[in-house]
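Biologist: Thanks for sitting down with me over this one. Could you take me through the model, please?

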Amino acid sequence: MSATNSRLWQQRYRDHAPEQGAFAADEVIATLLEHRSVRAYLDRPLPAGTLETLLAAAQSAASSSNLQVWSLLAVEDPQRKARLAELANGQAHIRQAPLFLVWLADFSRIQRQAERHDIDLQALPYLDSFLMGAIDAALAAQNAVTAAESLGLGTVYIGALRNNLQAVVDELRLPPLVYPVFGLCVGYPDADKPAQVKPRLPQSLILHRETYAVHPEEQRLIDDYDRTLIEFYAEQGQQSPGWSRQSLERLRTVAILHGRERLAAAVKAQGFPLR
Ligand SMILES: Cc1cc2nc3c(=O)[nH]c(=O)nc-3n(C[C@H](O)[C@H](O)[C@H](O)COP(=O)(O)O)c2cc1C
């Protein structure tokens with residue numbers, strides 16, 4: 001393994017890189033390993049053509065049966081970004097980033113084809129179809145994230161865009177059968193407020209071989225990771241209760257969903273019965 005990739009591995013896991021292993025010295029892998037969410041942006045416009053480049057990367061992702069049941073909505077208007085920021089828990093980076101992308105699961109295009117050919121799409125109301133749109137949109141978005149990062153841009157996903165789904169649907173004038181999966185801020189990272197690479201769980205807790213088995217040392221490894229994350233946040237002058245406490249809090253109450261507890265109803269109202 002090259003010295004650079006060894007360093008990137010160490011940064012991601014806060015653990016020594018394996019002595020040997022098929023970790024090729026590859027720029028794409030280095031870009032992936034250096035990912036960090038960016039929540040502070042410069043007031044600097046993106047070069048012409050950036051959106052089209054990111055979209056080409058996004059459209060290059062695999063798509064379930066090549067249905068391409070997703071669309072991208074780009075928001076640059078400061079007032080619209082400000083309104084969306086308010087709908088997404090007041091997250092300031094949505095206002096700050098020059099480009100805000102809304103990744104949509106979109107069955108309206110194929111529905112228009114169905115109407116043209118006078119066909120009833122009987123598979124469409126099922127949960128699997130809804131998932132297909134959400135998965136396609138997510139794969140496309142992640143390709144765009146990697147492309148953006150390779151161009152020196154920063155991004156952060158905005159799941160809070162689902163806090164108030166109906167208001168987002170109204171703001172963006174989304175027709176039936178179109179659902180905003182999440183938003184994504186894109187811009188130049190503010191070097192005065194740098195984001196750091198956040199360590200992840202050790203591979204041994206994530207990887208199962210052949211059949212699923214809980215790691216015999218799961219608790220010790222999680223305790224270690226808790227300490228690593230506490231240290232990570234402390235380096236940034238922030239406090240963290242550690243990964244396990246933080247994750248439990250994130251799922252402990254319905255209130256933490258900030259409106260997303262009404263998502264199923266809103267999704268159904270958008271024309272997805274989720275059968
Ligand atoms: C689907 C999704 C939704 C997210 N929503 C938000 C969000 O609303 N606000 C935010 O600041 N970060 C959001 N994030 C970013 C995560 O908090 C972040 O990816 C995670 O803490 C890991 O940090 P890293 O991306 O810097 O490695 C979201 C991430 C994903 C994948």
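What follows is a short conversation about domains, pockets and one helix pair in this predicted model.

Biologist: Glad to start simply. Which residue ranges does the domain assignment give for the protein chain?

Modeller: Happy to help, and please keep in mind that the model is predicted. The C-alpha centres of domain 1 and domain 2 lie 30 Å apart. The assignment itself gives domain 1 (1-34), domain 2 (50-194) and domain 3 (197-257).

Biologist: Now the open space. Which residues are the closest to the centre of the largest pocket?

Modeller: This pocket holds about 740 Å³ of space. Its lining counts 27 residues, and the closest to the centre are Ser37, Arg39, Lys198, Phe232 and Tyr233.

Biologist: Which element supplies the largest share of that pocket's lining?

Modeller: Let's go through the candidates. Strand 3 (154-158), helix 10 (218-235) and helix 11 (243-252) each provide at least two lining residues. In terms of domains, at least three residues come from each of domain 2 (50-194) and domain 3 (197-257). The largest share is four residues, and it belongs to helix 10.

Biologist: How many nonpolar, polar and charged residues are in the lining of the largest pocket?

Modeller: That is a handy one for thinking about chemistry. The lining of the largest pocket, 27 residues in total, splits by class into 13 nonpolar, eight polar and six charged.

Biologist: On to the second largest pocket. Between which domains does it lie?

Modeller: The second largest pocket has about 320 Å³ of space. Its lining has 16 residues, with Tyr13, Asp15, Pro202, Gln203 and Ser204 nearest the centre. Helix 1 (3-13), helix 9 (203-206) and helix 10 each give two or more residues to this lining. Both domains contribute to the lining, so the pocket lies between domain 1 (1-34) and domain 3 (197-257).

Biologist: And how many residues make up the largest share of the second largest pocket's lining?

Modeller: By class, this lining divides into seven nonpolar, four polar and five charged residues. By element, helix 10 gives the largest share, and its contribution is five residues.

Biologist: One last item, the helix pair. Is helix 3 oblique or roughly parallel to helix 7?

Modeller: Helix 3 (residues 50-59) packs against helix 7 (residues 127-150) with the axes 7 Å apart and an angle of about 135 degrees. The crossing of helix 3 past helix 7 is right-handed. Because of that angle, the relation of helix 3 to helix 7 is oblique.

Terms used: Residues are numbered from 1 along each chain as its sequence is written. This is a predicted model: local features need pLDDT of at least 70, side-chain atom pairs count only at pLDDT 80 or more; totals for chains, interfaces and linings use all residues. Side-chain values use heavy atoms; hydrogens and water are left out. Domain bounds come from an automatic or database domain assignment. On a 1 Å grid over the protein atoms alone, a cavity is a set of points where a 1.4 Å probe fits but cannot get out, and a pocket is an open set with protein on both sides within 12 Å along at least five of seven lines; lining residues have an atom within 4 Å of a point. Grid points are joined across faces, edges and corners, and a volume is the space filled by probe spheres set on the points. Ala, Val, Leu, Ile, Met, Phe, Trp, Tyr, Cys and Pro count as nonpolar, Asp, Glu, Lys and Arg as charged, and the others, Gly among them, as polar. Axes are lines fitted to C-alpha atoms, for helices over the stretch in contact, and angles run from 0 to 180 degrees between N-to-C directions. Angles under 35 degrees count as roughly parallel, over 145 as roughly antiparallel, 65 to 115 as roughly perpendicular and the rest as oblique. A crossing is left-handed if the near helix is turned anticlockwise from the far one by less than a right angle, and right-handed if clockwise.
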